[in-house]
Amino acid sequence: MDPRQFFTATRTIIVAGKGGVGKTTVAAALGTAAAGLGLDTLLVEIEGKRGLPSIFGGDELSYADTELAAAGADRGRLSGRTLSPQAALAEYLEGHGLRAFSRTLSRMQVLDTLAGSTPGLRDLLVLGKIKQLTVSDPADLIIVDAPASGHALSFLRSARGLQAAIDTGPIRRQADEVVELLGDPARVQVVLVTLAEETPVNELIETAFALEDELGLALGPAVVNGLLDACDVPGGRHGDGVVDPAIADAAADAAAHHRNRCAAQQRRVTYLAEELPLHQLQLPRVPVTRLGRDQVSTLADLLIDEIEAMPSLGSP
């Protein structure tokens, strides 16, 4: 598949998965890859997440767009912002002629209480802002670093829950519009991320079926993150008379452990392919304690290679 075709097939990519599988890293790599193809890209983090600024070496993101990487001759602009229900509610009130009321609530520090007064309303406010961004933001692509999969399901279910609970009024209209947005694959697709381990893979499969069957969301490829290099490590023991036998035995044990882990990962990858008919984008484990721009750029290049290996849209 032409990578540019992949990134322009939808307006918004929501990146979701179990906590600790590298969602934020994958979102950053997707954004970096899209910008590298000349697309102006907006990375969105949900309130409470702080991974994107640390990756790009900047300060905390704000509710307004913050440049993460400038546009170049062949590169698009990469920007980021954070969304909170309090800020979204304040903006909504101000947009409906209630600026003074909004500022009064802010001074009284009750916007958070008001935003959380109805179950699901906090999530709906954030989704409503994402809906607005799909219309008003100049970026070619919006990538959302969603909450961990347990919360991601309740996050994406919030609009349908409010539809069932409220018959009329602005909240119902917002819920209707968000449900319409999420059900349109030209506007939203979900990319699920997992490690090649039993629990994350099982949770990804359950989440995928819930998103597709229950909520009608379109799913992009699944990203299998953190794969070990399946190198052929020698397994001999006792050395060759030059290396201390104890060191040689320890190295052999480490090699056997590595091969076993590689084999276990491959079994989970195969199981995922059998249980979930989604194309897989596979990324290696990056052996650093903290990822930065350079590592994310490398992962972005690898994603481009993986996307190029996908069948084109409409292909069998």
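Start your tour by selecting Gly 36, which sits in helix 2, the stretch covering residues 23–36. Keep in mind as you click around that this is a predicted model.

Is Gly 36 buried, exposed or partly exposed? Its relative accessibility is 33%, so Gly 36 counts as partly exposed, since that class lies between the 20% and 50% limits. Now add Asp 74 and Arg 75 to the selection: apart from neighbours within four places in sequence, these are the residues in contact with Gly 36. If you draw a distance between the C-alpha atoms of Gly 36 and Arg 75, it should read 4.9 Å, although the two residues are 39 apart along the chain.

**Zoom out for a moment**

Show the whole chain as a cartoon. You will find 12 helices and 9 strands. The chain has 316 residues, and buried ones make up 47% of them. Switch on a surface if you like: the accessible area comes to about 15100 Å², with 52% of that belonging to carbon and sulfur atoms. For a contact map, count the contacts with a separation of 6 or more; residues 24 or more positions apart account for 74% of these.

**Stop one: helix 2 with helix 12**

Keep helix 2 on screen and add helix 12, residues 293–308. The two axes are 8 Å apart and the helices pack at an angle of about 70°. That makes helix 2 roughly perpendicular to helix 12. Which residues meet here? On the helix 2 side, show Thr 25, Ala 28, Ala 29, Leu 30, Thr 32 and Ala 33. Facing them from helix 12 are Val 296, Ser 297, Leu 299, Ala 300, Leu 303 and Ile 304. Colour this contact by residue class and you get 9 nonpolar, 3 polar and no charged residues.

**Stop two: helix 7 with helix 9**

Next, select helix 7 (residues 121–136) together with helix 9 (residues 170–182). Their axes come within 9 Å and cross at roughly 60°. Helix 7 is therefore oblique to helix 9. The crossing of helix 7 past helix 9 is left-handed. To see what makes the contact, display Leu 121, Leu 124, Leu 127, Gly 128, Lys 131 and Thr 134 from helix 7. Then add Ile 171, Gln 174, Ala 175, Glu 177, Val 178 and Leu 181 from helix 9. The contact of helix 7 with helix 9 divides into 7 nonpolar, 3 polar and 2 charged residues.

While you are here, pick out Ile 130, another residue to look at in helix 7. Where does it fall on the accessibility scale, buried or exposed? Ile 130 counts as buried because its relative accessibility is 3%, and the limit for that class is under 20%. Setting aside residues up to four places away in sequence, Ile 130 touches Thr 12, Leu 83, Val 144 and Phe 155. A C-alpha to C-alpha line from Ile 130 to Val 178 spans 8.9 Å, with their positions 48 residues apart along the chain.

**Stop three: helix 10 with helix 11**

For the last stop, bring up helix 10 (residues 198–214) and helix 11 (residues 245–275). What angle do they make? They cross at roughly 15°, and their axes come within 10 Å. The two helices are therefore roughly parallel to each other. Look along the pair for the handedness: this crossing is right-handed. Helix 10 brings Glu 198, Val 201, Asn 202, Leu 204, Ile 205 and Phe 209 to the contact, while helix 11 brings Arg 268, Tyr 271, Leu 272 and Glu 275. By class, the contact of helix 10 with helix 11 holds 6 nonpolar, 1 polar and 3 charged residues.

Key. Residues are numbered from 1 along each chain as its sequence is written. This is a predicted model: local features need pLDDT of at least 70, side-chain atom pairs count only at pLDDT 80 or more; totals for chains, interfaces and linings use all residues. Side-chain values use heavy atoms; hydrogens and water are left out. Axes are lines fitted to C-alpha atoms, for helices over the stretch in contact, and angles run from 0 to 180 degrees between N-to-C directions. Helices (H or I, at least four residues) and strands (E, at least two) are DSSP runs, numbered from the N terminus. Angles under 35 degrees count as roughly parallel, over 145 as roughly antiparallel, 65 to 115 as roughly perpendicular and the rest as oblique. A crossing is left-handed if the near helix is turned anticlockwise from the far one by less than a right angle, and right-handed if clockwise. Contact means heavy atoms within 4.5 Å. Ala, Val, Leu, Ile, Met, Phe, Trp, Tyr, Cys and Pro count as nonpolar, Asp, Glu, Lys and Arg as charged, and the others, Gly among them, as polar. Buried means under 20% relative accessible area, exposed over 50%, partly exposed in between (1.4 Å probe, protein chains only). Accessible areas come from the Shrake-Rupley method with a 1.4 Å probe; for residues, only the protein chains shown count as cover.
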